Amino acid sequence: MQDTVSVNNFLISDDPILTQQDDLVDFRSTVGKLTEILLNDKHPKSISIGLIGPWGNGKSSVIQLVKNNIEDSQQFNNKEIITIHFLPYLNHNENEIINEFFTLLSNELAPYNGKLSNQIVDYSEKLTDLYQNKNLKSFLENHITNFSQSSACELYEDINKMLDETGKKIIVFIDDLDRLNQKEILQTLKLIRNTANFTNTFFVLAMDKQYVIKRLTEKGNILDTKFVDKFFQLEIYLPEIDKSILKQYFITELLRPFSPAPDDLEHRLRVALMDTNLLFEDYVKNFRDVKRVVNQIKYDLTLFKEDFSYLNLKDFINFTFFKLKFPHVMKELNDNRGKYLTIDRSKEMFNLKQVKKDSTDFIKDLMVSMEHQSINSIIHLNKYQLYHEFLNNEAEDKTKIEKINRTDKELLVKTMANLFGDENTPEGQDSIKYTNNFQMLIQQRIFSNFFKQSEFEALFTAHKHDLKTELNKIKDQGKEEQFIGRLKYFSTNDQTKLQRLIEYLMLIYESSGLENQYDLDTYKLIEKFTVEMYDTLGEEKIQEYHKWSNETIFCNSSVSEQTRLILLSTIWKTKHFNDHWHLKENYMIEKTVELYEKYLSNFDQALWDINNYRSFNAYHESKVVEHDSINKILIEFWTRNNIELLCAQLTDPDSFSNTSFKISPTVIDIFGSTENFINFVKMHKDASLPEIKEFITLFDLQKIINFKYALEYDFVHSTLMKNKIETWEKLPGREDYLKKKRQEQVIVKITDIEYGYKFRDINNYKDKYQLSSTIYNDNFYLVINVRFANIDQVLNDFIEDIMTFYYADPEWKIEQDVINEGMKIKLKGSDYIEFISIKPKPENDIKYFKNSSSDT
């Protein structure tokens, strides 16, 4: 004989309880009274007692406890009572129910009276012949006539007499009537009312009465719901189980040891059960519901193992309710989630589809709510498309919806809203609304790019020199967003972990700046954990906090000076409406100046690339904190370095041309004015270099027009500027400029200002030459824009027009044969006209036609 081994089962069975100690509902009074009746009562005919309650409400447990009491009684031990536990649902069809019952009864009576046992078998066979092909309902209503005319009647009388002589009480427990179809239900009722209506026989029948009546009426087996009442002399109602009992049972069973189980399951479970959006009371009505959902949750938890901690338990439980109750809808979500959900790509989050509503929708919803009072509790969910499809019958395909009863439709809408609607506000990256989490739940597997809890914990133990490597690994595996998302909701008072997280975030912050621009969300995370560090240390340790922030953040050599400058600037910009960092202004100013000077000194040996403008980003952010000192440092830097790069980066192409240029307004921030910048360039040690002279010429032309607009210009010597132009030509939208013919632009100096004004104001000339004008250094300047004509003809016409206008005589003459930059035309006295700039430089000489024709 083997010893009994205690087994720690993973699943909870659906067996009824066996002992009073397992009775969580406290059925003692019901069990006690029913036991008393069954032991003490004695009747000449059978008595039927109905044990009434909804599915899963403990009826089977009550039967088991009563049966135990009976079998522990003195009468049973004295063999005065025979108990039969009859389960009609085990039979293959309704015709076998009567045979099976009488077979059980015959077997129980055989030890006491063999003849009686045989007669019961004969009786069963005769009944089967009698009932064969009979309408059960008709038989029940006309039983006396049919039965009295049969030979089975004589057997029944003999059996009843012999039973009385044996002195045995027969107690028959019939369970799970609500598992039968309508024919099987009628067969069982026929058994207890008619065919086994023996002396001193008791039937205790457990059933969900509402279910039984529904099954019998839906196909016309009975017309009057009172029909079922005729079969029972007593009905014992088991009330609904208190929700607090079910909830406690749920906690107890879910926390029963299993492997692998999450370490923090108990805490998270209690938090989830306190959440008003948990649908426990909507779904769990009895112990059977609890067992079913606990088994499912435990199984699913083992699939996620330690990564379960990254899933919201409230969402996890609600989703379990949903998939157990509505598997067909879950399949639709998996196959065609766009039917019910939209996706917010900026957050990678699912949301339940909503509808636009008008006054007619309001009236329609009001009418529906008046017709169905139960809907009032979810009328606020009418903003969702699902509400109208399921509850207002507006779905395109109504076949699947019609199979769901009204109550379940309301529950489905409420469930979907609590999972994917506005009712479910994510408080962490663990919400089911996030696309990755939802897909893992519905597919019941961990994705290969899922950022596991073990990986997260490993980041805290990595060596400081390996932090960048660890981050690159996370990024290469496509897990960076999950890591950042988790940090948004992560909190700790562990100083070592806080410091490590900030070190990681500083690296991420720098990476974002290198790739595009410094990410504000990452900055907020750095600030979040800095605040937690301050709170952990406490206000009394402010000096220790300042030392920590200086060493960990602002003196952190693992990130560049520029990243730290950007961080300081961001803190400075927000310090007036929040003081999360608790930094003194003097410290921030001094640290900014120190970092900026060190930042620039890194480039003394080799300047940055022409197309790298990060230095200007660092400048603009630094001067927010301290303007004068930063400008001084920058000017000193350029005083000792090659100025071609500065000139090239501060010379901007026009928005609609690759060949016209203007001076960047940034020079005013640095030098105070554009003139100061030009003077700085002219006084620089590199001013005599051809490439710098080239810039000086352009800058002087810009001075002439008072820096109002871009000027056409040709760069010949400055390699940096030519590289910059080449890069700009490849920018999206600027390629087309290369296909267009350059528009020539000519700047003419007229020393006679009054004459220049008069010529400009003649409308015909102003439009003909697209003239603009300016005064500079007591000289008048005209800018001619050649747009749709030949420049040779335009300039010949211009000379002809301006000289004729000046002399009021067409017979004037000039000495030059070629029109070029620097050409001067003498006027009266010391006045003259000079061609200051002709751009682009003509490939061939521009001939002056009048002199050429005269020579001819």
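**Figure 1. Helix α9 on the five-stranded sheet of the predicted model.** Helix α9, residues 182-195, lies across β1, β2, β3 and β4. The helix runs at about 155° to β4. The coordinates shown here and in the other views come from a predicted model. The sheet beneath α9 is described in the next legend.

**Figure 2. The open sheet of five strands, with parallel pairing.** The strand order is β2-β3-β4-β1-β5. At the edges are β2 (81-86) and β5 (234-237), each of which pairs on one side only. On average, neighbouring strands of this sheet are turned by 15° against each other, direction ignored. Helix α2, residues 59-71, packs on the sheet and touches β1 (47-52), β2, β3 and β4 (201-207). The direction of α2 makes about 160° with that of β2.

**Figure 3. Pairing of β2 with β3.** The edge strand β2 is joined by six bridges to β3, residues 169-174. The two strands run parallel. Within this pair, I84 stands opposite V172 in β3. In a regular strand the side chains alternate between the two faces of the sheet.

**Figure 4. The largest pocket, with a volume of about 1,400 Å³.** The lining of this pocket has 29 residues, and the closest to the pocket centre are K285, D289, K325, N405 and D408. Two or more lining residues come from each of α10 (209-218), α13 (280-283), α14 (287-304), α15 (313-325) and α20 (406-420). Helix α20 provides the largest share of the lining, five residues. By residue class, the lining of the largest pocket divides into ten nonpolar, seven polar and twelve charged.

**Figure 5. Surroundings of E423 in the loop between α20 and α21.** The loop that holds E423 lies between α20, the helix with the largest share of the pocket lining, and α21 (435-443). Leaving aside neighbours within four places in sequence, E423 is in contact with N277, H380, L381, K383, Y384, A417 and N418. One of these contact residues, L381, is 42 residues from E423 in sequence. The C-alpha to C-alpha distance between E423 and L381 is 9.3 Å.

**Figure 6. The largest cavity and its lining.** The structure holds three cavities of 30 Å³ or more, and about 60 Å³ of space lies in the largest cavity. Its lining is made up of Y596, L600, W608, S615, F616, Y619, L634, W638 and L646. Helices α29 (585-601), α30 (614-625) and α31 (627-640) each supply at least two residues of this lining. The most comes from α30, which gives three residues. The lining of the largest cavity holds eight nonpolar residues, one polar residue and no charged residue.

**Figure 7. The open sheet of three strands, with antiparallel pairing.** The strand order is β8-β9-β10. The edge strands β8 (651-653) and β10 (711-712) each pair on one side only. Two bridges join β9, residues 660-663, to β10, and these strands run antiparallel. S660 has E712, in β10, as its bridge partner. Helix α35, residues 690-704, packs on the sheet and touches β8, β9 and β10. The direction of α35 makes about 80° with that of β9.

**Figure 8. The hairpin of β12 and β13.** Strand β12 (residues 772-776) and strand β13 (residues 779-786) pair in the antiparallel sense, over five bridges. In β13, L782 is the bridge partner of S773. The hairpin has two residues between the strands. N777 in this hairpin takes a positive phi near 50°.

**Figure 9. Stretches of the chain with pLDDT under 50.** The mean pLDDT of the protein chain is 86, and 90% of the residues reach 70 or more. Over residues 135-150 the pLDDT stays under 50, and the model has 28 contacts for this stretch beyond four places in sequence. Residues 370-375 also have a pLDDT below 50. The stretch 370-375 has eight contacts in the model beyond near neighbours in sequence. Where pLDDT is low, the predicted coordinates should not be read in detail.

Technical notes: Residues are numbered from 1 along each chain as its sequence is written. Side-chain values use heavy atoms; hydrogens and water are left out. On a 1 Å grid over the protein atoms alone, a cavity is a set of points where a 1.4 Å probe fits but cannot get out, and a pocket is an open set with protein on both sides within 12 Å along at least five of seven lines; lining residues have an atom within 4 Å of a point. Grid points are joined across faces, edges and corners, and a volume is the space filled by probe spheres set on the points. Helices (H or I, at least four residues) and strands (E, at least two) are DSSP runs, numbered from the N terminus. Ala, Val, Leu, Ile, Met, Phe, Trp, Tyr, Cys and Pro count as nonpolar, Asp, Glu, Lys and Arg as charged, and the others, Gly among them, as polar. Two strands pair if DSSP finds at least two bridges between them. Axes are lines fitted to C-alpha atoms, for helices over the stretch in contact, and angles run from 0 to 180 degrees between N-to-C directions. Contact means heavy atoms within 4.5 Å. pLDDT is the predictor's confidence in each residue, from 0 to 100.
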